[in-house]
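User: I am new to this structure and would be grateful for a close look at a single part of it. Please take the sheet as the starting point, and then place it in its wider setting.

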Amino acid sequence: MKINSPLEAYKYLPATNCGKCGEQTCMAFAAHLIDRSMKLTDCTPLLEEKFKKKFKELDKLLEPEIREIEIGVGEKIAKIGGDDVLYRHKLTFFNQTKFAYDVWDTMDEEELVERVNYIQNFKKFYVGNFLTVDMIAIRSVSDDPERFASTVKKVLETTELPVILCSFNHNVLKAGLELAKDRNPLLYAANKNNWKEVAELALKYDVPVTLFAPDDLDLLKSMAKTFAEMGTEKLVLDPGTFPTGKQLKQTFTNFTKVRRAGIDGDREIAYPIMAVPFTAWMAHDDPVSASYWETVVASVLTVKYGDIMILHSTEPYAMLPELHIRDTIYTDPRKPVTVDPGMYKVGSPDKDSPVLVTTNFALTYYTVESDIASNKIDCYLWAIDTDGIGVEAAVAGGQLTAAKVKKGIDESGFDLKKDTSHNTIVLPGLAARLQGDVEDETGASVLIGPADSGRIPGWMEKNWPPQKK
Amino acid sequence: MTNKMKLKELSDILQDLNVESLEGVTIEGDIELNISGGGGLNPALAYALGNEISQISLHMANIGRMLGFPAEQLFASAFQSGEMPQTDKFTTSPKLQELLDSKFEVSKIDSWKNTIQEVTLGASSADGGSRKSTVTLGGENALPYYFDAEMPHRNYITMDVFDMPIGMAKAVKGNYEDVINDPAEWAKKVVRDFNADMVTIHLISTDPLINDTSAREAAKIVEDVLQAVDVPIVIGGSGNPEKDPEVLEKAAEVAEGERVLLASASLNLDYERVAKAAIDHGHVVLSWTQLEINAQKELNRKLMKQCNLPRESIIMDPTTAALGYGLDYAYTNMERIRLAGLMGDDELTFPMSSGTTNAWGAREAWMVASPLKQDSDWGPREYRGPIWEIVTGLALSLAGNDMFMMMHPTSVQVLKELTQTLYGSIDAEELDISNWIGMEV
Ligand code: SF4
């Protein structure tokens, strides 16, 4: 955005401190505008006619540097772009990279439906939510408009996920568009040969379009400028993803250059970037090597500015790391690292339920909690204040010690002797070396749980209730 | 309205439209439009012409309707849509015949003024050691692989060797079963078979809670490893803050002159002792903190000011958390450290090292299957583990990490391939991707 201090935004607000936005003062609201945690429309008074001009001006100033593009419709709509910074700690990255997995028009129907279903149903539980993937990219291998159309039709019938229509032949794209026009698909792609025809389609159907200029940033920018002039800024830029050697290095350079120019304020190139790690399959014959390399390229370009990408491997060993590296990069770094230390109940524990110790590192805490809860185990979960450091590191670094455990227990008001029938603490397996010390400090008996909370259910079967000594 | 219409009225309508005044357009005889200029027409003029012509046709169509002809249907079918909503788009956007000229430009970052300290590990006979190869880290003037400045040294990988059998993920263990009781053979194997640039010997058996191996005994293992391989080595303690300084001291003594990396000094142990051992015997210290940039500054400052450790003898380990288990903090911590260093914070201008092996702590790396029933199938773990280590490492390589401590041979191979590709030292056959869409896979 063009401004970076709350004061600059404040000038445009009504300055009545009416509180309708939920903030006490306009200045507080202005601060939320700058860190993008609230929207301008949350200030309802500003929507009044008399403030129209100010609203417009401020809205313009607050626009993110990189344009935000929408693909698809309804609940599954995918937004890409919208970033304001080059490093996540400067604010946060917005609109996580969207992953499109490919299907192609020479697949037989059964195989096609199966693949689409696999993609749309893929999920991985993580810190209270499921990680999922986003889109289907439909490739025309046949170059036959009719064949492409029937594949598009089948895909649209099978999924609500947004789609990318992939062909360099405008007749093929048109055939797909005719069917998908109500689903706001992304066109892939206009290049230096077909751009006039593809532009016509993008304008006529009013859909977003990818501009493809492999390793030619001048051409890429020319195309972006031309398309904008013709009337569409719903653009995605593909500077080409070359999978190996010096070409891959150049790809990396192109991605970082395009994004830097955009964030630096060059509006003509300030669009989301498309990566195509799919090209790894052009460099590797063996499917495991190709999957690995595709995942590696995808990960690099997720970290460095890819906003959307087309992928081929649907092996879990490709998709899981892709989902997690994306989460890594797009997690808001301003969100708290810790949960409040203290005693938490999971399920409805009673006197006979176990007392498990973990750290107050949010990630550790939520992982343990979800493992327990999803297996319907009732227990007490003790989050010890380790300054938000995970178990293994906290034991090594001295943030998780017997004294800390004792202190945590004392401060929580929970009385092991009175509130449990067993006076037993279960330490995480990775804190096994603290067993003796914790017994000495607390006077409770101490059991060592598994090193991974995913194994708590099995551990419970064998070790709970504890044998009376 | 009357159904009759005279030709005169038609010409009046046309007159109202001012068509005659439009240059390049004349209406002759049986309403023939003649547009001169063709493809070379300038876009603005073409647009204006298009607008006029559309206006005319609209009026013509009205005339047609007055005459009882359903002209709107004709338009609808001609434009292949119900209500001609797209005409709107066309009237506001000029259709261009040529791409507009534009040159891509981007500036280099001028606030990156500082150079990261160069640190060399290992010493050859010329420098009083016995290593055949040495490794130099650091020297960067930009973020890794960026076009702003050439990166002077590639990334290096040191592979883990332990002084006793330890619990390992199945996929890792398979590679070391034959050498698990012999650190020297283990070290040889990672250099010979797995292309390790360096070897880390972890003296974990010295932990009083494990075997309590004496510092003197442990030093013998260090000697064995130095004998077995001729690459630079890293010496790691057990992580016990009371015992480690003594263990590292003895190890430093027997490794005199070899310029090993002592891992590590931290704020919760006697770092002065570790620093002194490095100074006395010509080694480098790994300055280890836990995901806290200010703690890293503090420790580096203490090592330099309080212990007089030279700048070229410090490498930082700001802690590596596994992918999915805090890598976001580890990544950003490193990126901030490197950016601060480049922008002039002299307490942070040191090369960095990552305990990438930590990735194997993630359940996704080693568990047979997801413990959660709702998850999609996790697939075979022998492929999941190595890629977990690779992706953890590659993210940190982009944040500025120079050296990786790793465990699985496949991970080492792939991460080397990637980091050296981005560094620019790997050639591959050039590929034409311009038609990638049609590829059969
Ligand atoms: S709603 Fe608008 S005017 Fe009212 S306090 Fe919030 S920012 Fe100020």
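Analyst:
**The open sheet and its setting**

In chain B, 8 strands form an open sheet with parallel pairing, in the order β10-β9-β8-β7-β6-β5-β12-β11. The edges are taken by β10 (314–317) and β11 (353–354) of chain B; each has a single partner strand, so one side of each is left without a neighbour in the sheet. The model described here is a predicted one.

Within this sheet, one pairing may be followed residue by residue. Strand β5 (residues 156–162) of chain B runs parallel to strand β6 (residues 198–202) of chain B, and the two are joined over 5 bridges. V161(B) has I201(B), in β6(B), as its bridge partner. As a general matter, strands of a sheet pair through backbone hydrogen bonds, in either a parallel or an antiparallel sense.

From the sheet, the description turns to the contact that chain B makes with chain A. This contact draws on 96 residues from chain B and 107 residues from chain A. The size of an interface is often expressed as the accessible area lost when the parts come together. For chain A and chain B, the area buried between them is about 9000 Å², and carbon and sulfur atoms account for 64% of it.

Charged and polar pairs also cross this boundary. Between chain A and chain B there are 9 salt bridges. In one salt bridge, D452(A) is joined to R363(B), with the closest N and O atoms 2.7 Å apart. Residue pairs in polar contact between the two chains number 36, counting pairs with both residues at pLDDT 80 or more. On the side of chain A that touches chain B, helix α9 (residues 245–263) of chain A supplies the largest share, with 12 residues. That side of chain A comprises 52 nonpolar, 30 polar and 25 charged residues.

Chain A itself is assigned three stretches: domain 1 (6–61), domain 2 (68–329) and domain 3 (342–463). The C-alpha centres of domain 1 and domain 2 of chain A are 35 Å apart.

Salt bridges also occur within a chain, and the count over all chains comes to 47. In chain A, the side chains of R36(A) and D84(A) form a salt bridge, at 2.8 Å from N to O. This pair links distant parts of the chain, 48 residues apart: R36(A) lies in the loop between α2 (26–34) and α3 (52–62) of chain A, whereas D84(A) lies in the loop between β2 (78–81) and β3 (98–104) of chain A.

How values were computed:
Residues are numbered from 1 along each chain as its sequence is written. Chains are lettered from A and ligands numbered from 1 in the order in which they are written. This is a predicted model: local features need pLDDT of at least 70, side-chain atom pairs count only at pLDDT 80 or more; totals for chains, interfaces and linings use all residues. Side-chain values use heavy atoms; hydrogens and water are left out. Contact means heavy atoms within 4.5 Å. Buried area is the accessible area (1.4 Å probe) that two parts lose on being put together, summed over both. A salt bridge is a side-chain nitrogen of Lys or Arg within 4 Å of a carboxyl oxygen of Asp or Glu. A polar contact is a pair of N or O atoms within 3.5 Å; within protein, one must be able to donate a hydrogen and the other to accept it, and residues adjacent in sequence count only if both atoms are side-chain atoms. Helices (H or I, at least four residues) and strands (E, at least two) are DSSP runs, numbered from the N terminus. Ala, Val, Leu, Ile, Met, Phe, Trp, Tyr, Cys and Pro count as nonpolar, Asp, Glu, Lys and Arg as charged, and the others, Gly among them, as polar. Domain bounds come from an automatic or database domain assignment. Two strands pair if DSSP finds at least two bridges between them.
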